[in-house]
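Grab a pencil and work through a few short exercises with the structure on screen. Try each task before you read its solution.

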There are 2 protein chains.
Amino acid sequence: MKLVQCVPNFSEGRRPEVIAAILDAIKGVEGVTLLDHKPDVDHNRVVVTFVGDASVVAEAAFRATAKAAELINMETHRGEHPRMGATDVIPFVPLTGATMEDCVQIAEALGERIARELAIPVYLYEKAAKKPERRNLADVRRGEYEGLKLDINKEERHPDFGPARLHRSAGATVVGARPPLVAFNVNLASGDVKIARAIAKAVRESSGGLPAVKGLGLMLEATGQAQISMNMVDFTVTGLHTVFEAIKLEAAKHGVTVASSEVIGLLPAKAMLDVAAHYLQLTDFNQEQVLELKLAARHEG
Amino acid sequence: MKLVQCVPNFSEGRRPEVIAAILDAIKGVEGVTLLDHKPDVDHNRVVVTFVGDASVVAEAAFRATAKAAELINMETHRGEHPRMGATDVIPFVPLTGATMEDCVQIAEALGERIARELAIPVYLYEKAAKKPERRNLADVRRGEYEGLKLDINKEERHPDFGPARLHRSAGATVVGARPPLVAFNVNLASGDVKIARAIAKAVRESSGGLPAVKGLGLMLEATGQAQISMNMVDFTVTGLHTVFEAIKLEAAKHGVTVASSEVIGLLPAKAMLDVAAHYLQLTDFNQEQVLELKLAARHEG
């Protein structure tokens, strides 16, 4: 089995019946498991997480996109989060047994189908981008729905698939492939937020630290601890153990220690197995030695 | 879902058609996944690994026991491994979502059924033992088939379920519950087997070391490395990280370092997650934060 995660974002966070209809469209596909959905009223947006074999996830994403195009009108949509379509963005993420290349192929085929069958213009982003300037989602979404409506007929804003005009209710959709994102926070045995900020600056990629690490220092009012709050955007490039050890060394320079750490939300098994294998100096460890993963690989395989 | 592993041992390692018939009996139960089987010609024995929900594993074990009773005759069985029945031993092991108590209940119900429907005497062992002197499998199996045939009518050898006489072809069966066993080896950057033996002695339970650790020092001829080869009989009591750190400290006393480690065969996800959580000082980590495990819990659930 090639397990793929899909985390589509839809521009509706207020009408429960619309959200339910989109979720039903996803659940209607055999072999797909809906894991989570988080509606946000202020953003007027819902983030959905589902998983399934590489052979079925695109069908679920397509049906949800068709349903969103039917029920959401971007002409009247208002919300705080940047957006340009009823189905705003559809990232595919490789999990156990799947590769990034599998996810790029799924994204391309789905993008082509959305454009052809629904007449919605589609942009490919991140690892599925055809143009380097479309790797970053924020660049693709520049101007949002209202701005793109004017700019889409300029050659540099033409979509990768479909017409060079927005769908009249559903706008445009961004489809792509990316590594799993892990939200990882490290708490200091210190209430000095300046130290947390200095450590965040030392370890994050944007200020010359570790690749594929985003981070900032902040204060946890509840516990009085300073925290380095991170997004690990590709744990196969920089693992949790690598950034954790770097933070311990930086903390020591400031005369403080690490109190604890936490993972927020979901993460793939491999992100944790890599940590265990590193510290135990394990050689030749194979994910399929983990009973539950071997079992998952046997199912629907 | 309550995932349970079952690792029955059957007294047949030479006739492929008999092994196939036993495996077919197991595979015939909906929801059961056969993961592995290892026949041994010298032992004349096969170790089978299958998993499934707590509600179905006993049925698969029962059908395999009935099939083995039909096809294996202990009167003519010869093999190097100690044994007393066609189905010699059936341990149930709790995995994700299941508890030891679940496995004890499964073992008791299965033992009672095997005795009642197949007229095979059944002994309960390890965590399912009703008597302290039956916790250890070797004690239950003392004298093997031939010895028990004479001794079973003595009161202290009476079975927990069924008649106080051996089944005329299938002998007797031992059923129980135990924690998952992890085979974990640590290799030294040294070819001195005396150091490996001294470290094994320091860390294993039987010579006053860590609880639930069995181990011995040996020499790997292929690499010229000395190895501490271990069976972790309950990783929730002593984790892989605990014994690994203890070995590093002992090795330092002898002036040597650890070169690498290896896990042999399968292990439950929790054995690795505990290691990662320990080294990252993770608090409040829940196994269901691992995408693949959350997904497994949703299935058949």
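Here are three exercises with worked solutions on this predicted model.

**Exercise 1.** Find the buried residues of helix H6 (residues 193-203) of chain A, and work out how they sit around the helix axis.

*Solution.* Start by listing them: A:Ile195, A:Ala196, A:Ile199, A:Ala200 and A:Val203. These residues cover an arc of only 135° around the axis, which puts them on the same side of H6(A). That fits a general rule: an α-helix has 3.6 residues a turn, so residues three or four places apart point the same way. Now look at what covers them: the cover includes strand S8 (182-188), strand S9 (213-220), strand S10 (225-232) and helix H7 (240-253) of chain A.

**Exercise 2.** Work out the strand order of the open four-stranded sheet in chain B, and name its edge strands.

*Solution.* Read the order off as S9-S10-S8-S11, with antiparallel pairing. Strands S9 (213-220) and S11 (258-264) of chain B each pair on one side only, which makes them the edges. From one strand to the next, the twist averages 20°. Next, zoom in on S9(B) and S10(B): eight bridges join this antiparallel pair. For instance, B:Gly215 has B:Met230 in S10(B) as its bridge partner. Finally, add helix H6 of chain B, which lies across S8, S9 and S10 of that chain and runs at about 175° to S9(B).

**Exercise 3.** Work out how chain A and chain B are related.

*Solution.* Lay chain A on chain B: a turn of 179° and a shift of 0.0 Å along the axis do it, with an RMSD of 0.1 Å. The two copies are thus related as by a two-fold rotation axis. Within chain A, the residue that comes closest to this axis is A:Ala276, its C-alpha being at 2.3 Å. Last step, the contact: 98% of the interface residues of chain A are also interface residues in chain B, so the copies meet through the same surface.

Methods. Residues numbered from 1 in each chain as written. Chains lettered and ligands numbered in written order. Predicted model: local features only at pLDDT ≥ 70, side-chain atom pairs only at ≥ 80, totals over all residues. Buried ≥ 20, exposed ≤ 12 C-beta atoms within 10 Å, placed from the backbone. Helix = DSSP H or I, 4+ residues; strand = E, 2+ residues; numbered from the N terminus. Arc of directions from axis to C-beta. Contact = placed C-beta atoms within 7 Å. Pairing = 2+ DSSP bridges. Axes fitted to C-alpha atoms, helices over the stretch in contact; angles between N-to-C directions. Least-squares fit on C-alpha atoms with pLDDT ≥ 70 in both.
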